[in-house]
Amino acid sequence: MSTATAGGAAEPGRVTPVQANNKDEKNKKKKSITGTRLWVAGIFLLPALVLLGALVVYPIGYSVYRSLFDASGDGFVGLDNYHEMFSDDATMTAIKNNIIWVIVAPSVATALGLIFAVLTERVRWGTAFKLVVFMPMAISMLAAGIIFRLVYEADPDRGVANAIWVSVHDTFKESPPFPGAHPRPDAGLTESSNGSFTTDATAKAGTPVSLPLVGAKRGDVTGAQDAKAAKPEPGKVTGTVWFDFTKGDLGEHNVLDKGEKALADVKIEAVKDGKVVATTTTRADGTYTLPAKADGAELRLPAWNFGQPYNGVDWLGPSLVTPAIIGSYVWIWAGFAMVLIAAGLAGVPRELLEAARMDGANEWQVFRRVTVPLLAPVLSVVAVTLMINVLKIFDLVYIIAPQTSQDEANVLALQLYQSSFGTDVNQGVGSAIAVFLLVFVLPVMFFNIRRMRRESRR
């Protein structure tokens, strides 16, 4: 076989380097960057692309299209639905609440997660504590909503939050002894405008003054001592306060009958010329004693004796319903934040922390100037994830907020549901809210994508 022609042309059947390079270029154009042929990659991606188009792209496109039509879907109204959305008080309340959610809920949940993650490294039962904090993540939003609807129940006998709050309040402030009690109309006491009762006659030292009452709750007098008739004391005003009622109401009115119960801890004031000159409290047997300065004074039972007991806070009322629901959300998601931050904390170089301590930094300075900056990427992931999550919050608000305060707790996802499927159905407005919610979410999503790209370049 010959090698080459005199002019340098390639022999028949021999591939020159230039031809080989051209062939390689053609093969490269037919393959993807992973070395796979493009049509093979397309076949594998096709199912995912079809699902993505059917479940994401088409709904978004149809929502934008539907937002330009009226409630029936037949009449084109342009941007009127958006104008109606921003002129509706309920929607504006929802937007305001969503902004509160985005600022407060992720911040509090991330802060608690950071605190829990740092502290669990220093406690003996850190793993068990993490398990307990993370456990609410295993509960569905529906179940959590039902739980917190009961927690925030107004009745202290049923709602845990109010039971704790009332217990703390009653520890520092005395409760009224006999809510709803009052004297009989012919008992010789007159009710004042502020709810107190004052004797018609003035008291005299050495002459007991009886103060019979009715209307006390049976549970408040059950177990009380039998009332005892007060004995006269020279120079002092004495008397008895008792529950003037016997079984079957067979006793004599305004007279201390046998077996009638004493009313203890009732406050009594001696009043002269509109000024209180002496005060006392009834004993367990219902008797009381006032000093000599009470001679010639009118006796007054302050309204406090008969006021209603403190029943706690209206957690689900119009003013507190949103913070209360945010509290339930934090209870669920603080464990999620703790687990992610704890994973990031495990990767923090310990030598940096020890070096800071060797340089004289205290634990707070180490935490603030070393630990937190090193955890900044993880904290960003947690905060952004929670922001996207709270922008779509629906179920907790729908379940926890009672009908009377649901308007004050309204959020965009709930308003979308009510506009599309509620009593006044207008899917044009509902679609406009959906589009606005998507636009609301996009900046957070773009920020998250940029953050992930920066992380991938490192």
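Rings of Phe, Tyr and Trp (its six-membered ring) count as a pair here if their centres lie within 6.5 Å, and the planes make the pair stacked when under 30 degrees apart, edge-to-face when over 60 and tilted for the rest. With that rule, a search of the whole structure turns up 21 aromatic pairs. The model is a predicted one, so local features need pLDDT of at least 70 and side-chain atom pairs count only at pLDDT 80 or more, while totals for chains, interfaces and linings use all residues. Residues are numbered from 1 along each chain as its sequence is written, and side-chain values use heavy atoms, with hydrogens and water left out.

**View 1. Tyr62 and Tyr65 make a tilted pair in helix α2.** The ring centres of Tyr62 and Tyr65 sit 6.1 Å apart, with 40° between the planes. Both tyrosines belong to α2 (residues 38-66), three residues apart, or about one turn of the helix. (Helices are DSSP runs of H or I with at least four residues, strands are runs of E with at least two, and both are numbered from the N terminus.) An α-helix has 3.6 residues a turn, so residues three or four places apart point the same way. Tyr62 is partly exposed because its relative accessibility is 40%; the term covers what falls between buried (under 20% relative accessible area) and exposed (over 50%), using a 1.4 Å probe and protein chains only. Tyr65, at 46%, is partly exposed too. Zoom out a little and ring pairs join Tyr58, Tyr62, Tyr65, Phe69 and Phe76 into a cluster.

**View 2. Tyr398 and Tyr417 meet edge-to-face.** Here the centres are 5.7 Å apart and the planes 75°. Tyr398 lies in helix α13 and Tyr417 in helix α14, so this pair ties together parts of the chain 19 residues apart in sequence. Tyr398 is partly exposed, with a relative accessible area of 38%, and Tyr417 is partly exposed at 32%.

**View 3. Ser405 is tucked into the loop between α13 and α14.** That loop runs between α13 (395-400) and α14 (412-421). With a relative accessibility of 1%, Ser405 counts as buried. Its side chain reaches the backbone oxygen of Leu316 at 2.7 Å. This is a polar contact, meaning a pair of N or O atoms within 3.5 Å; within protein, one must be able to donate a hydrogen and the other to accept it, and residues adjacent in sequence count only if both atoms are side-chain atoms. Neighbours within four places in sequence aside, Ser405 is in contact (heavy atoms within 4.5 Å) with Leu316, Gly317, Pro318 and Val321.

**View 4. Helix α11 has a buried side and exposed residues opposite.** The twelve residues of α11 (363-374) reach 15 Å from first C-alpha to last, close to the 16 Å expected at 1.5 Å a residue; the expected span is 1.5 Å times one less than the number of residues. Val366, Phe367, Val370 and Thr371 are the buried residues of α11. They cover an arc of only 125° around the axis, which puts them on the same side of α11; the arc is taken from the directions from the helix axis to the C-beta atoms. Trp364 and Arg369, on the other side, are exposed. The cover over the buried residues includes α4 (89-119), α9 (321-346) and α10 (350-358). At the start of the helix, a side-chain oxygen of Asn362 comes to within 3.3 Å of the backbone nitrogen of Trp364.

**View 5. Asp265 and Asp273 both have a positive phi.** For Asp265, phi is near 65°, a positive value in a residue other than glycine. Asp265 sits in the loop between β4 (237-243) and β5 (267-272) and is partly exposed, with a relative accessible area of 44%. Asp273 has phi near 55° and is found in the loop between β5 and β6 (275-281). With a relative accessible area of 83%, Asp273 is exposed.

**View 6. Ala383 of helix α12 touches a distant part of the sequence.** The helix covers residues 376-391. Ala383 touches Pro106 and Thr110, not counting residues up to four places away in sequence. Ala383 and Val108 are 275 residues apart in sequence, yet 9.6 Å apart in space, C-alpha to C-alpha. The unreviewed UniProt entry lists "transmembrane region" for several spans, including 370-391; such annotations may be inferred rather than shown by experiment, feature names are shortened, and positions follow the numbering used here. Over residues 370-391 the chain is 95% helix and 0% strand, with end C-alpha atoms 32 Å apart.
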